[in-house]
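Trainee: I would like to go through this structure and ask what stands behind each term.

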Amino acid sequence: MGMADGRTRDPDAQWKLLEEFAKKDGQLHWGDSGADRRNQKRKERLAKALQSAFGILDDPFILDGNGWKSRFQIRQT
């Protein structure tokens with residue numbers, strides 16, 4: 001899905017953000033430092049990667065009063 005550092009092959013910032021969404025049942029809140037300005041561009045790039053990989057037309061994340069929420073079900077196992 002193109003979410004690895006080209007030099008080290010380690011997960012990149014978008015993948016790590018996707019992991020954060022999974023750890024928090026698909027929601028990042030303003031107060032827990034997940035949904036913040038630092039992650040805004042990362043979330044946008046993650047959305048584009050998911051749209052490209054899965055043929056999603058709409059933004060896979062929505063903005064709610066508490067932060068960002070995934071439109072798909074995700075959780076860490």
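Mentor: The turns below cover salt bridges, exposure and the nonpolar core.
Mentor: This is a predicted model, in which local features need pLDDT of at least 70 and side-chain atom pairs count only at pLDDT 80 or more, while totals for chains, interfaces and linings use all residues. Residues are numbered from 1 along each chain as its sequence is written, and side-chain values use heavy atoms, with hydrogens and water left out.

Trainee: What makes Glu 44 and Lys 41 a salt bridge?
Mentor: The term requires a side-chain nitrogen of Lys or Arg within 4 Å of a carboxyl oxygen of Asp or Glu. The N to O distance for Glu 44 and Lys 41 is 3.0 Å, so the pair meets the rule. Both lie in helix H2, three residues apart, about one turn of the helix; helices are DSSP runs (H or I, at least four residues), numbered from the N terminus.

Trainee: Why is Arg 38 called exposed?
Mentor: Exposed means over 50% relative accessible area, buried under 20%, and partly exposed in between (1.4 Å probe, protein chains only). Arg 38 has 52%, so Arg 38 counts as exposed. Its side chain also forms a salt bridge with Asp 36 (3.6 Å, N to O).

Trainee: Why is Glu 20 called partly exposed?
Mentor: Its relative accessibility is 27%, so Glu 20 falls between the two limits. Glu 20, Lys 23 and Lys 24 are linked in a network of salt bridges.

Trainee: What makes a set of residues a nonpolar core?
Mentor: The members are buried Ala, Val, Leu, Ile, Met, Phe, Trp, Tyr and Cys residues joined through side-chain atoms within 4.5 Å. The largest such core here has 14 residues, and those with the most contacts inside it include Phe 21 and Ile 74.

Conventions: Helix = DSSP H or I, 4+ residues; strand = E, 2+ residues; numbered from the N terminus.
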